[in-house]
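The following exercises are to be worked with the sequence and the coordinates at hand. Each task is followed by a solution in steps.

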Amino acid sequence: MSAASQSFEAPAEARTSAAPAGRRSGRAVSARLLLGVVLPLGLGLVWEAVVASGFASGRLMPPPSRVIAELVRLASTGALWEHSLITLSRVLGGFAGGAVAGIALGVLTGTSRLLRDLLDPSFQALRSIPSIAWVPLFILWLGIFEASKVTLIAVGVFFPVYLGVSSALMSVDRRTAEVGRIFRLSRLATVRRILLPSILPATVVALRTGLGLGWMFVVAAEFMGASSGLGYLLVDGQQLGKPTQILAAILTFAVLGKATDAILASLAAPFLRWQDSVGEAP
Amino acid sequence: MSLAVQRDVAPGAAGAAGLPIRLAGVSKSFGETEVLRRFDLHIPAGQFVAVVGRSGGGKSTLLRLVSGLDQPSGGRVMIGERAVTSLDPAVRLLFQEARLVPWQRVVENVGIARGENWRERALQALRDVGLDGRGDEWPSVLSGGQRQRVALARALVSRPNILLLDEPFGALDALTRIEMHRLLDGIWRERGFTTVLITHDVAEAVALADRVIVLREGRVALDLPVDLEHPRAELADPRAAELQKQILAAV
Amino acid sequence: MTVEALSPARRAERTRPSLARFGRALAPWALPILILVVWEIAARAGLVNARLLPAPSTIASAFWRSLQDGSLIANTWASTKRALIGLLIGGGLGFLGGLATGLWRPAETLLDSTVQMIRNIPHLALIPLVILWFGIGETAKIFLVAIGVFFPLYINTFHGVRTVDRQLVEMAEVYGLDRRARLSRIILPGALPSILVGLRYALGLMWLTLIVAETISATSGLGYMTMNAREFLQTDVVILGILVYALLGKLADWATKAIERRALSWHPAYQIARENKP
Ligand SMILES: Nc1ncnc2c1ncn2[C@@H]1O[C@H](COP(=O)(O)OP(=O)(O)O)[C@@H](O)[C@H]1O
Ligand SMILES: [Mg+2]
């Protein structure tokens, strides 16, 4: 959901506990995890029971069983896969475009003083426009079909990636860069062995934020008129008054968003291994 | 500084302000590891005791027990006539790090517990540690030595009967450390509170304390009186050198 | 005043860097001004379709027109009102929730994993459901904004409270601060930088959510104004709407920065920034 704040999610290690480390056993941890799902599970069951016993119709807020049944129905007709695939391809297309542009321009402004003075203020000014505000203009310019949707997603992805890459490059410690000179590395080797590793973590964070925003913007883009995609299922569900279909689509959005983020994170993990080992040092 | 007035009063003369500390058969374990083992120690009111020992030897644990931050697994910790069961306002603890609150100004840090006309008292405490006129600054602009001075002022502002110091000067440079020794020595002789100083610097222990205790494997390995007159010359007293050698042998 | 006394050589030395500084100050404006001029000329010469990209002067006159007939202000106010009410409700709940889970472990056990689960849902996807629930009135839009701003404030408050220096909290205990004093003097100020980060994100999400909500269902507000203009092909009004959004976004950003400067004046980074000011 709030993809923009993803990077500020407390990392598991940061959740310092009052109890000294090592005191909590594995059993206590799993007990806590169990307690954590008590609330959502309990609420779901209570609602299920309330609807089943006829105290509420569950029309506006369908119980879990109906949502699952709807998911099964959509999956069996193949509609779920079809719409998911379309939405996924829009997100990935926009993400690819926005990420490539963001990295390219981020590298340019992060390494050249002149380009930074020239371009960065304009990007900063454009950044304060919520990307969604472009939607009507994109529709006017690019029509209501794929191009405007993918462009919107690309714009949404572009800004966090651009900002992440250029600020990471600017903050590369000069001393770190000097190490390259001391060891007489070639220019290419300096970039590969020192510059890249030191900006990679920030870049991965930026890409993940961008991907999260991409998922948010595909929802908006598909609202603005689409005849396919998960967003279409949402709008269709609203117009036909079918909350089960809306909830099924929302759940699919959540699962797909989480899955693509996990894939991106695991793709990046091999390149960030040195960072983990710092954290693991006793 | 107002301390100069009292310079030649013999140590212990103002002992009324101090409270005795008594540990009787105190044990403390964390899980399997027993840090303190049936530990006995009596510190008379107003005495200045230095505790030295290897890192991980249980020195900080000892102070946390006396301050009431932790409870012993066995035995009793007494301050004056009372058993220590919780944090006691008569006891103040100075940490290894200054632990100043960065978003409170210096004077607000000293008067962190507030209370009646805290600002005047805090400003006075700042004067006592030689930081007159720095009250309105942020802690971040102070040097390491100044930060420890503020921490000392914060500990002293409530006129404690017992001052516990956990390696407070360990991170300071040699010159600043000597300044802090003079300051602490002067204030202690003026006020007469009971002092327990933990240090890994044997010279520091001999320069300040009436009595040096070596802690090893959870027990007292050496309990050595230091009969040198205050204020002590930091360097080149042959008697001090001899004491240092004795202590080092016990560690 | 002492410049007169300087030798010509030294005077030249003085002016050259200031000229360079002048050029530096101009650089950020070069590109936007160039674009504006080219854009205006191209539009007037008929090189671009005015339907798709009206000239800057046309947009300026649209601004003037909508200012005079009062529609701009009315729509901006309608949006701002929704935004602020939603922020107050959702942000307030997020702050309180983060405080509760941050300070009190049972609350964390019970609530945090639920919140983390719900967080994976793109909240814009809730719009159709919320419209089914509340209709297309004000409630739906305020509800959506509230949900949008809840999570960044919740997460960053929780994180801020949890990462307050444990040593300071311990010091406060030793020095006899009671729970309330610890909360107000140590924990809240310590969590504040993180909370403000959350606020900044929340403000971004606030506008974004509102635009989408107003685009889909509203009869007033900036989102309604631009979407309506698109249907009538009034591209100048569409662009005007975008500019107003930019201005509102910038205002929100300035506001948080001002709060940050005041609230974090103890922070070394802000002190340096102040000293470097002429
Ligand atoms: N809260 C705690 N939990 C577990 N072990 C602890 C705790 N506090 C101290 N210890 C252990 O007790 C021993 C003594 O620690 P400490 O008193 O800090 O030693 P010192 O101050 O002499 O260096 C160490 O081995 C340390 O790991
Ligand atoms: Mg210690």
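**Exercise 1: a helix of chain A**

Helix α2(A) is followed by A:Gly78, whose phi is positive, near 85 degrees. Helices here are DSSP runs of H or I with at least four residues, and strands are runs of E with at least two, both numbered from the N terminus. The model is predicted, so local features need pLDDT of at least 70 and side-chain atom pairs pLDDT 80 or more, while totals for chains, interfaces and linings use all residues. Residues are numbered from 1 along each chain as its sequence is written, chains are lettered from A and ligands numbered from 1 in the order written, and side-chain values use heavy atoms, without hydrogens and water.

*Task.* Compare the span of α2(A) with its expected value, and determine which of its residues are buried.

*Solution.*
1. The expected span is 1.5 Å times one less than the number of residues. For the 14 residues of α2(A) (residues 64–77) this gives 20 Å, and the end C-alpha atoms are 20 Å apart, which agrees.
2. Buried means under 20% relative accessible area, exposed over 50%, and partly exposed in between (1.4 Å probe, protein chains only). A:Val67, A:Glu70 and A:Leu74 are buried in α2(A).
3. These residues cover an arc of only 60 degrees, taken from the directions from the helix axis to the C-beta atoms, and therefore lie on the same side of α2(A).
4. An α-helix has 3.6 residues a turn, so residues three or four places apart point the same way.
5. On the face turned away from the buried side are the exposed residues A:Ile68, A:Val72 and A:Ser76.
6. Contact means heavy atoms within 4.5 Å. The cover of the buried residues includes α3 (79–111), α9 (230–239) and α10 (243–268) of chain A.

**Exercise 2: the surroundings of ligand 1**

*Task.* Which helix contributes the largest share of the shell around ligand 1, and which polar contacts does an oxygen atom of ligand 1 make with B:Ser60?

*Solution.*
1. Helix α1 (residues 59–67) of chain B supplies the largest share, three residues.
2. A polar contact to the ligand is a pair of N or O atoms within 3.5 Å. An N or O atom in the side chain of B:Ser60 is 2.6 Å from an oxygen atom of ligand 1.
3. A backbone N or O atom of B:Lys59 lies 2.8 Å from an oxygen atom of ligand 1.
4. For B:Gly58, the corresponding backbone distance is 3.1 Å.

Definitions and conventions:
Polar contact = N/O pair within 3.5 Å; in protein donor to acceptor, adjacent residues only side chain to side chain.
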